[in-house]
Amino acid sequence: MATPVILPKQGNTVETCILTAWKKAVGDAVRAGEGIADVETDKAMIEVASPVDGVMLEHLYPVGAEIPVMTAMALIGDAGEKAVASGLHSAKALPADSAAAPLSAITSSAANANRPIERIAASPRARRLAAEQQIGLNGIIGTGAERRIIERDVRAALDQRPVLTRAARDAAPELPIPTVGSGIGGRVTLADRAAPPEIMQVTRPAPLPEADAFEEIPLKGVRKVIAERMRTSLHTTAQLTLTASADAQSLQAYRARLKTSAESLGLREISINDLILYALSRTLRNFPALNATLQDGVIRQYRAVHLGFAVDTPRGLLVPVIRHADSLSLKALAAETKRLAAACQDGTISPDDLNGGTFTVSNLGALGVETFTPVINPPQVAILGVGKIDLKAIELDGRVQHVPHMHLSLTVDHQAVDGAPGARFLMAVGQAFAQFEVMLAL
């Protein structure tokens, strides 16, 4: 009997994974523990291994599909054994226009243009839109899985339809609609619809040249997941951003001392960002309202600081979490930061290393950004944006001096944190940066 390959659970919060590659084709021999497919979450790349020895009998999902965890994704059995996929797929509904439809449920549509409408492979949303707009599916080229017609294909066909005047739209439905009309801008008039086809010999005007060539990139995979999470963040939280600046002289001076320290100490690679994370981890101890989450109407304020930090990777934005950051030495915190960032870059980061944060930092200072509006990472209630260091004119001892200052942007969820507590926290952060060496005693 065929053995299903179950997509394993990936951490406590991952519900689906995107299939990026099949490493074994149907008919290939596989061994237990051998990798048969690569999948990814919005955070990490994962290899799925075969549970048994045998032969790959069937792929239940195409590459690009979004598969629920704990769902059968392939069948492995003996050579010549018949695969039975019925009932193995998750009951969870999948998007109608997603490539996530199981292969066993997709009708091949390679010859869509030459088949009757009732046999053309099309998604329910595509059929509904076509019916509403009174457009046939014959002749529409599908771009979905195995060339299935999806909603965007119907919309593309609608974009190519000629524009009708009001009178032409209200004409008897049996009257033909020419591809181009004699009206302004090629609009089809009532006279065009009523005229015999041989009389209507209108040349379609040449399209206007595009100013620039462009490439269309569908929003899918990891980019789509990130987009959905960012939208959810803005739709489910009341985000308020406060901005300030902090004296950066202490941070810069201490960083300079580390760079010239004895190599045997292993401190030369500690960065300004590491100093920022260290100071924040200590400051958050005194501000439990900021070191918190809001979920299902319940605010949780944490004693330990699990500090997330944004990492830009080729796959998109990832936020690994430094566990118990407030109990780590500066050297240990810097080492953990580098380990997590490297794992994000090479795609080996564990899903559990990307969950459970209580506060997040996003540092864009190295890219020349001064201030910005960081987006909260739910269910957290706050995030700190760090900008570049600039000279700021301030008055000292009756004289105006230009002192290096770091730009700071704090976004809080106003459902859980009011403006005044947020402002006090931001002030405390600025003081911690300005007196960094004092923080080392905490």
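The legends below accompany close-up views of a predicted model.

**View 1. The chain as a whole, as a setting for the close-ups.** The predicted model has a chain with 10 helices and 18 strands. Of the 442 residues in this chain, 43% are buried. Among the contacts in the chain with a separation of 6 or more, 60% come from residues that stand 24 or more positions apart.

**View 2. The open sheet that contains β1 and β8.** This sheet is built from 4 strands in the order β1-β8-β6-β3, and their pairing is antiparallel. Its edge strands are β1, covering residues 3-6, and β3, covering residues 29-30, each of which pairs on one side only. Strands of a sheet pair through backbone hydrogen bonds, either parallel or antiparallel. Between β1 and β8 (residues 72-77), which run antiparallel, there are 4 bridges, and P4 has L75 of β8 as its bridge partner.

**View 3. Two separate nonpolar cores.** The largest nonpolar core holds 51 residues, and the residues with the most contacts inside it are F359, L384, L408 and F433. A second core, separate from this one, has 25 residues, including V5, C17, I36 and L75. L75 therefore appears in this view as a member of the second core, having already been met as the bridge partner of P4. In soluble globular proteins, nonpolar side chains tend to be buried together.

**View 4. The surroundings of L408.** Leaving aside residues up to four places away in sequence, L408 touches L242, T243, A244 and A246, together with L384, G385 and V386, and also L426, V429 and F433. Of these neighbours, L384 and F433 are, like L408 itself, among the residues with the most contacts inside the largest core.

**View 5. Helix α9 and its buried residues.** Helix α9 runs through residues 419-434, a stretch of 16 residues, and reaches 22 Å from its first C-alpha to its last, close to the 22 Å expected at 1.5 Å a residue. Its buried residues are G422, F425, L426, A428, V429, G430, A432 and F433. An α-helix has 3.6 residues a turn, so residues three or four places apart point the same way.

**View 6. Aromatic pairs that link distant parts of the chain.** The structure holds 4 aromatic pairs. In one of them, the rings of Y254 and F436 have their centres 5.3 Å apart and their planes at 50°, so this pair is tilted. It links Y254 in helix α6 (residues 249-259) with F436 in helix α10 (residues 436-439), which lie 182 residues apart in the chain, and both Y254 and F436 are buried. Another pair, formed by F359 and F425, is edge-to-face, with 5.7 Å from centre to centre and 65° between the planes. Here F359 belongs to strand β16 and F425 to helix α9, 66 residues apart, and both of these residues are buried as well. Ring pairs also link Y254, Y278 and F436 into a cluster.

**View 7. The buried residue Q380 in its loop.** Q380 lies in the loop between β16 (359-363) and β17 (382-396). Its relative accessible area is 5%, and because buried means under 20%, Q380 counts as buried. The side chain of Q380 makes a polar contact with the side chain of T360, at 2.7 Å. Not counting residues up to four places away in sequence, Q380 touches A292, T293, G357, T358, F359 and T360.

Note on methods: Residues are numbered from 1 along each chain as its sequence is written. This is a predicted model: local features need pLDDT of at least 70, side-chain atom pairs count only at pLDDT 80 or more; totals for chains, interfaces and linings use all residues. Side-chain values use heavy atoms; hydrogens and water are left out. Helices (H or I, at least four residues) and strands (E, at least two) are DSSP runs, numbered from the N terminus. Buried means under 20% relative accessible area, exposed over 50%, partly exposed in between (1.4 Å probe, protein chains only). A polar contact is a pair of N or O atoms within 3.5 Å; within protein, one must be able to donate a hydrogen and the other to accept it, and residues adjacent in sequence count only if both atoms are side-chain atoms. Contact means heavy atoms within 4.5 Å. Two strands pair if DSSP finds at least two bridges between them. A nonpolar core is a set of buried Ala, Val, Leu, Ile, Met, Phe, Trp, Tyr and Cys residues joined through side-chain atoms within 4.5 Å. The expected span of a helix is 1.5 Å times one less than its number of residues. Rings of Phe, Tyr and Trp (its six-membered ring) pair if their centres lie within 6.5 Å; planes under 30 degrees apart count as stacked, over 60 as edge-to-face and the rest as tilted.
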